[in-house]
Amino acid sequence: MSTPQSREQWQQMADSLSINGQAFINGEYCAAVSGETFDCISPIDGKVLAQVASCDLADADIAVASSRAVFERGDWSQMAPVKRKQVMIRFASLLEQHQDELALLETLDMGKPIRYSTCVDVAGAARALRWSGEAVDKIYDEIAPTAHNEIGMITREAVGVVAAIVPWNFPLLMACWKLGPALATGNSVVLKPSEKSPLTAIRVAQLAIEAGIPKGVLNVLPGFGHTVGKALALHMDVDTLVFTGSTKIAKQLMIYAGESNMKRVWLEAGGKSPNIVFNDAPNLQEAAIAAASAIAFNQGEVCTAGSRLLVEAGVKDELIGLIAAEMQAWQPGHPLDPDTTCGAVVDQQQLDNVLAYIRSGVAEGASLVQGGEQVMAESGGVYVAPTIFANVNNQMTIAKEEIFGPVLSVISFEGMDDAIRIANDTIYGLAAGVWTSDISKAHKTAKALRSGMVWINHYDGGDMTAPFGGYKQSGNGRDKSLHAFDKYTEIKATWIAL
Ligand code: NAD
Ligand code: MN
């Protein structure tokens, strides 16, 4: 079937889709041991899409044992890297062959526009798998600079069983940022998708088998975080826990690790990223286009969202006007319409959170320039208009807390030092944008920013070749690039006397 070209065609495809909500353990789909399920509700229209297995401790035990057994047998962990590479590339190709189906599942499940779930989410997920696979037979170990009568070998080995707990904003993409390097390096993975977006993870488990990944190497456990996620985080036989999600849960996972087996914990958490526009920005129109996209893309449900726009006093009013105009291109629409740029937020609870933040902005004295309300309520779904607040100061709740919705806080500053001070005055340190024509100012600001990613004269750049992750309470470790491989390998020093 060729790729649908209209909302009607996507809807037809959705109507004929059979959606699987089961867990996937040791190469088979199965119900949760308890038999419990929960409703998977589409935020597009409030309809129930599927019953999804509600896994808990019992399922975690079975999945971890299955992952451990295959790791010990070596079917995958001891396969030559060049062979694992070939399988990973097949896995990536299978994602691409199922791009429409996977994109549709993602859009139905969490409300993002179909135009992005195809070319951002599924395409990016496939790229992560392929890039990691292609890399793995090109990485060499080290020999220490020893005396003549000895050899010091420094080798990397797979850690063993990895539990991956991922969020709902880019469900398949975040999963594949973990699966790529984790699987390529020979580990077994138990993947726990968010209860808000389990469908694509469940579907790709079967594609992994079709690609030739042995049974048990990838197990998928849908279920609520505090039951099955906690069970994995406390599990005595999970070697490494990798996570993308909120800072609050990230901190909890460190506690679980300390309370159990001191499993390694790698965290990609929240952000409140500053996007800094100086008076000498090379092109204010381009800065406005990027600033709008930085807060409205994916309904603002982006860890790197440019949620604090720091603008120098001289261009403030002009820039706000340009962004307000640009927001017309980001008004919510039906997510299956290929023209829609902004879809539904993930669920009713998230809508309530976003609206509560908007009320707090008004209550604390920020000026509402645009948006601020729920829209398209007649659809039965949950949509919110992109919202701009001006006259925000950095101490207001909307400037301090991650909203995870399309709500922009505009904060004005005077000069570079002031910009840097405000930018760094946050518990987070994920990303930042800097707009200036002055190369020295660009570099000085970039160096002074306490954040894992800095974008100069654009916003949200990068690909698989560059690491992704944050400073401070935005996390530790990095996804993407060869640096991601560090999370999935232990270093062994073998010293040989000759
Ligand atoms: P969340 O922390 O609520 O949930 C993330 C995952 O953790 C989900 O799978 C959830 O089920 C699970 N979980 C919840 N409670 C748990 C517990 N007690 N034990 C174990 N697991 C538990 O986050 P979310 O709302 O799904 O995602 C949004 C967050 O993700 C935002 O804060 C966003 O900034 C962050 N995020 C970060 C990055 C990054 O790379 N830094 C990327 C995307 C999203
Ligand atoms: Mn959902």
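Biologist: What area is buried between domain 1 and domain 2?

Modeller: About 2,300 Å² is buried between domain 1 and domain 2 in this predicted model. Carbon and sulfur atoms give 61% of that area. In domain 1, Arg 7, Ile 44 and Trp 168 lose the most area to domain 2. Together they make up 24% of what that side buries.

Biologist: Where does each domain run?

Modeller: Domain 1 covers 7-269, and domain 2 covers 274-462. Their centres, taken over C-alpha atoms, are 30 Å apart.

Biologist: How many residues of domain 1 and domain 2 are in contact?

Modeller: On the domain 1 side there are 24 residues, in contact with 31 residues of domain 2. Contact here needs heavy atoms within 4.5 Å.

Biologist: Why is Gly 271 called buried?

Modeller: Its relative accessibility is 3%. Buried means under 20%. Gly 271 is below that cut-off, so it counts as buried. Gly 271 is in the loop between β11 and β12 (274-277).

Biologist: Which residues touch Gly 271, leaving aside neighbours within four places in sequence?

Modeller: Cys 303, Glu 402, Tyr 428, Leu 430 and Ser 474 are in contact with Gly 271.

Biologist: Which residue does UniProt list for "active site"?

Modeller: The unreviewed UniProt entry lists Glu 268. Glu 268 is in strand β11 (residues 264-268).

Biologist: Is Glu 268 buried or exposed, and why?

Modeller: Glu 268 has a relative accessible area of 4%. The cut-off for buried is under 20%, so Glu 268 is buried.

Biologist: What makes Asp 109 and Lys 196 donors of the manganese ion (ligand 2)?

Modeller: The protein donors are Asp 109 (O), Asp 109 (OD) and Lys 196 (O), 2.1 to 2.3 Å from the ion. The limit for a donor is 2.8 Å, so these atoms qualify. The pair links distant parts of the chain, 87 residues apart. Asp 109 is in helix α4 (residues 99-110), while Lys 196 is in the loop between β8 (188-192) and α7 (199-211). Asp 109 is buried, because its relative accessible area is 0%.

Biologist: How do you know that Arg 68 and Asp 239 make a polar contact?

Modeller: Their side chains are joined at 2.7 Å. A polar contact needs N or O atoms within 3.5 Å, so the pair fits.

Biologist: Why does Arg 68 count as buried?

Modeller: Arg 68 is at 15% relative accessibility, and buried means under 20%, so the label holds. Arg 68 is in helix α2 (residues 57-73). Not counting residues up to four places away in sequence, Arg 68 touches Gly 160, Val 161, Asp 237 and Asp 239.

Conventions. Residues numbered from 1 in each chain as written. Chains lettered and ligands numbered in written order. Predicted model: local features only at pLDDT ≥ 70, side-chain atom pairs only at ≥ 80, totals over all residues. Heavy atoms only, no water. Helix = DSSP H or I, 4+ residues; strand = E, 2+ residues; numbered from the N terminus. Buried < 20%, exposed > 50% of the residue type's maximum accessible area, 1.4 Å probe, protein only. Polar contact = N/O pair within 3.5 Å; in protein donor to acceptor, adjacent residues only side chain to side chain. Donors = N, O, S within 2.8 Å, 3.2 Å for Na, K, Ca; no water. UniProt positions renumbered as here; feature names shortened; annotations may be inferred. Domains from an automatic or database assignment. Buried area = accessible area lost by both parts, 1.4 Å probe.
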